[in-house]
Amino acid sequence: MVQNSTISPGDTLLKVDHVSLRFGGVKAITDVSFDIRKGEIRAIIGPNGAGKTSMLNVINGFYHPQDGTITYKGATRAKMKPYVAASQGIARTFQNVALFKGMSTLDNIMVGRTLKMKSSFFWQIFRHGPAMTEEIAHRRMVEEIIDFLEIEHIRKVPVGKLPYGLQKRVELGRALAMEPELLLLDEPMAGMNLEEKEDMCRFILDVKEQYGTTIALIEHDMGVVMDLSDRVVVLEYGRKIADGTPDEVKANQAVIDAYLGVAH
Amino acid sequence: MLYNVLIDPFVQMGAAPDLFVQTIWEGLVAGVLYALIALGFVLIFKASGVFNFAQGMMVVFAALTLVGLHEKGVPAWIAVLLTLGVMAILAIAVERIVLRPLVNQPDIILFMATFGLTFIIIGLGEFIFGGEPKQMIATELGLPQGTMRFDILGGKVIIQKIDVAAAVIASLMIAALALFFQYTRIGRALRAVADSHKAALSVGISLNQIWAIVWFAAGIVALITGIMWGARSDVSFALQVIALKALPVLILGGFTSIPGAIVGGLIIGIGEKLAEFYWGPLVGGGIENWVAYVIALVFLMVRPQGLFGDKIIERI
Amino acid sequence: MEQDASAALDTFPKWLAHQAHARPSRPGMRHKDLGIWTEWSWAEVAQNVRAYALGLMAHGLQRGDRIAIIGNNRPKLYWSMMAAQSVGAIPVPVYADSVADEMAYVLEHAEVKFACVQDQEQVDKILSVSDRLPNIAFVFYDEPRGLRAYDHSRLQAIEEVIAQGKGLMLADPEANRRLDAEIARGTGEDISVILYTSGTTGRSKGVMLSAGRCIAAARDTVAFDGLSDRDNVLAYLPLAWVGDHYLNYAQALIAGFCINCPESPETAVEDRREVGNTYAFAPPRVFEGMLTRIMIRMEDASWLKRKLFHYYMGVAKLWGEKILDGKPVPVLARLNYAIGELLVYGPLKNVMGLTTVRVGYTAGEAIGPELFSFFRSIGLNLKQLYGQTEAFLFVTCQKDDGVRADCVGPATPNVEIRIAEDGEVLYKSPGQFVGYYKDPEKTAETMTPDGFVKTGDAGFFEKDGQLRIIDRAKDVGRLKSGALFAPKYIENKLKFFPNIREVVAFGQGEEFVTVFLNIDLVAVGNWAERNNVSYGSYQELAGHPQVYDILAGHVAEVNRQLAEEPMMARAQVHRFLILHKELDADDGELTRTQKVRRGFIADRYASLVKALYDGSTEADISTEVTFEDGRKGVISARVKVMDATVAPVAAMPQAAE
């Protein structure tokens, strides 16, 4: 499903190089560098206000850093428009869930396929020939995602009516519909109970296994981070204070002082 | 007195059914044309959340451009195509010059911008085409002339062929637009943009492209509206007053609903004509001018989102 | 029906071949997958099953082997049963939501050689207890998701097995003949399926049912209800439950109608509507749930809708059942009812997916009379049946025109019923079981010397010939005073109230009767929303003083009813409490078919029972609970105990029997 064979698993997919981001006098990110390897699950953790969401926004193109560059699939750029990032295979979920509240689950995920829809506008009106075959293929793909995330029973429900946990799942579905190479998840488990968290973990792992998608996720639940991620980046007050495997990071004194409190 | 208001008009309806049918027909035609105007508003509001005050002006501008080109010797249908081209350019210009710089501003700012746009278009129109009323090139476009006469219901009902054409064309266009929004990729993208800009961006939809498309679509609607209205009266700046009638239609039907624009238009159109014909004499005429607004007022109190508008869905 | 030839059809595989021959292009099975309904005609079903059987034989399946079937209702799992039976092997269906331990017990006990399962979840469960299951040679699965990386030395996709079978059919001309020979070898005496009953006490027992008897019973009820190949059922009830094997599997093979499998258990309600099912079975709580949901939505509806609803429900109450029963009704009333059908009853039935239902059955526990009359009055032919796994379901069933809420009907055709001296209900039926697997003692215990089966329920016949069940025979007890104590009777009366989901009654040998109550979260939650009562958890809501008051009212009402029945008047409820957590099958408190396990509960909540009887107004309780994935946790609470209002009993003669 994922093309781009020029980068093999294990190679660097995305590199953040000495990025700094300021809003007026507030320094959101200061001189942060790290990389994300293809096929891994990279966790970004840190106390509130550490700059994690800002970091995702920079990668995604919503914010433009004053200093530093982002290198994605070998191409370096400082600024990027969000919809260009999307067309290059970066998909994103948001902390507060950015869904089309008035549309159904099915429609929301279908919109995720927009970039992949090629047939001309003209034929689409008449629902004929190539447009029809394409529509069916897309619908099938969306149905497979719905099946994968076990949300058949809310297929037609307007998303605004769903409980928070299900909304997050639908948002994940929409991101998956883009067939992304890099999936950015901003606190995907926030507000979920134990059962929902376990389901979400399972889905994230399945995504990595089945589709080979690289995942960067912001998460507060240390248990989840330890279980899911291959490597971890720790931010505090906009700076990077640790970078390594979950075990290395857990034992890191600076991290314990800033964030973990007591060694778990 | 109560009898006059509550009973007599219905008695009259029954007594002269041919007049009744005639009135209904007139109302229907007016209603369809109101719906067309409302449609232009709905398109832009649905996709970008902007209430385009300049819609009425766009109708006049489109009609003037068409007639103006024809006066200069361009054959009718070529003139139509060229006018469409002009509307496309207008759409892109509006998107680039007016909307893009104001993209994150509150809705009221954007509304004021369209306000200003109106006057720019008025000025432009007057400058290019002059201020006198013009004739719509109805016959050149192949629209039928003349009347049809039916001797039924004990009397006669007279129907203008142009009105029939207007009703049919408007219905076709409305149907096409409804299908477009529901079933095509762009239609879906339009709905998405109307719902959440942030989400649409992150999915890869280019907002600028969408807005240009929407304004162009509104431009097409404006042109067809201009042709239809112009064929029934004249093409002049007075036409844009008709746009004010669109407001009650929108309130009734919902600002974001295409079927709502049709239903609202028909209700206002028929309601107006019936009120004028049967109750008008009681108050010395002139009901037509204000009854639409009274209906709108009632709706605002009882069902503010209109018959088909989107209820705000939120989990508290 | 095709009478003469069908006498020779004494096993299900033979019936399958018959359907493929008699109605090859009629739909046999459907499944909603990825949003669309896929259909297989009877010919296609038979074709797939034959290939599957050949594939299984190639893997070493032999006559007499047991195959476990684990999962939700899926065509491939039904085909697994048919394929197994074709070879003379015995399917053993297991509840899809059983925990690994429960599953291991059944698989071990039945010594299964193969397992046909739905998905990765079930495969994982089997692998986790594989050390207890040395006999298992192969595990076959339906959905491949997540299983790609697993060791496939003893694991294979069902699709591949079927493909192998198809290959064999082409390559080897003898293969078809071999299969036909196996099918022909089957007789009515063969054990066709082993269904493990979820025991309310002790471990489950494997009920062995023979092909001939199953078929005889199914033929009777197909004729009784006039089922044909035009019917449709939604197969959503557990495969391991006798009801599914009887109502869906057996009846479908006999009558030739289509089995529709829903997309998932959660979408069953939606899918029912799409299927247009004509024959429906649901346990009473499903119907209760439907009613509760309607009532809640009505309260939210506009004033006009509410007025219409209440008015027409009144009309239905007056005339509905009479119209359904075919009794004479004034023309004007019929007209009004017809309008009601258009405006109210039709849309209601549509929402519940019951529009096309000709025959609806329910069973399991007593159903509240209001619930019954509600559904019948809007035109749903809802009837009761009574039975058990050992009978291959049907012991009694009501006729269309003889439906009563408090009885379960006369004996099903060809079933003999006798009431023993101690009140226990005994029966002899065409479908009755052959015995318990590997348990001849229990089998002997359950049969009388003259071949009748003991149901374990106490009951008696009403004047109109319908059977009335009071309670489990061994649960019917006596209070200290000698008064009759039938716990289920009292529990059912309380469960009629939508606010109450589950009840456990105590009183054997005690001074008076007391009960545990579970609130129904949907109904009470809705009440809370409406009355601005906030709560953070089930526990908080269950302990809320206002909720206690409401339930006290219900208990008082039931006491009033009991006071009017001479047999029950002295068994009124004196004290009650609301449990802090819902009783759950995963914790062993309920059986897999949602029946209360009184003994287990009494032990687990002993401190609460004590509080009920020693006059305390509150008690502490700490219970261990099991989460869905098998992990354990502890829930603690302080539960309030309340006195109930007891209704006065008129002076009665002493030996009130």
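User: Let's start with the surface. How much area does chain A expose, and what share of it do carbon and sulfur atoms supply?

Analyst: Chain A exposes about 10800 Å², and 52% of that comes from carbon and sulfur atoms. Keep in mind that this is a predicted model.

User: And what lies under the surface? What percentage of chain A's residues count as buried?

Analyst: Of its 264 residues, 55% count as buried, meaning under 20% relative accessible area.

User: Which kind of side chain tends to be buried together?

Analyst: In soluble globular proteins, it's nonpolar side chains that tend to do this. Here, the largest nonpolar core has 97 residues, and Leu39(B), Met58(B), Leu66(B), Leu190(B), Ile205(B) and Trp215(B) touch the most other members. Helix α3 of chain B, residues 17-48, gives the most to this core: 15 residues. Another core, apart from that one, has 91 residues, including Trp79(C) and Val222(C).

User: Back to chain A. Why does its radius of gyration agree with a compact globule?

Analyst: You compare two values: a compact globule of 264 residues would be near 18 Å, and chain A has 19 Å, so they agree. Its C-alpha atoms fill a box of roughly 60 × 40 × 35 Å along the principal axes.

User: How many helices and strands are in there?

Analyst: Chain A has 10 helices and 10 strands. For contacts between residues at least 6 apart in sequence, 67% join residues at least 24 apart.

User: Last one: how far apart are the mean positions of the positive and negative charges of chain A?

Analyst: They're 7 Å apart, taken over 32 positive and 34 negative charges.

Key
Residues are numbered from 1 along each chain as its sequence is written. Chains are lettered from A and ligands numbered from 1 in the order in which they are written. This is a predicted model: local features need pLDDT of at least 70, side-chain atom pairs count only at pLDDT 80 or more; totals for chains, interfaces and linings use all residues. Side-chain values use heavy atoms; hydrogens and water are left out. Helices (H or I, at least four residues) and strands (E, at least two) are DSSP runs, numbered from the N terminus. The radius of gyration is taken over C-alpha atoms; the globule rule is 2.2 Å times the number of residues to the power 0.38. Buried means under 20% relative accessible area, exposed over 50%, partly exposed in between (1.4 Å probe, protein chains only). Contact means heavy atoms within 4.5 Å. Accessible areas come from the Shrake-Rupley method with a 1.4 Å probe; for residues, only the protein chains shown count as cover. Lys and Arg count as positive and Asp and Glu as negative; His and the chain ends are not counted. The place of a charge is taken as NZ of Lys, CZ of Arg, CG of Asp or CD of Glu. A nonpolar core is a set of buried Ala, Val, Leu, Ile, Met, Phe, Trp, Tyr and Cys residues joined through side-chain atoms within 4.5 Å.
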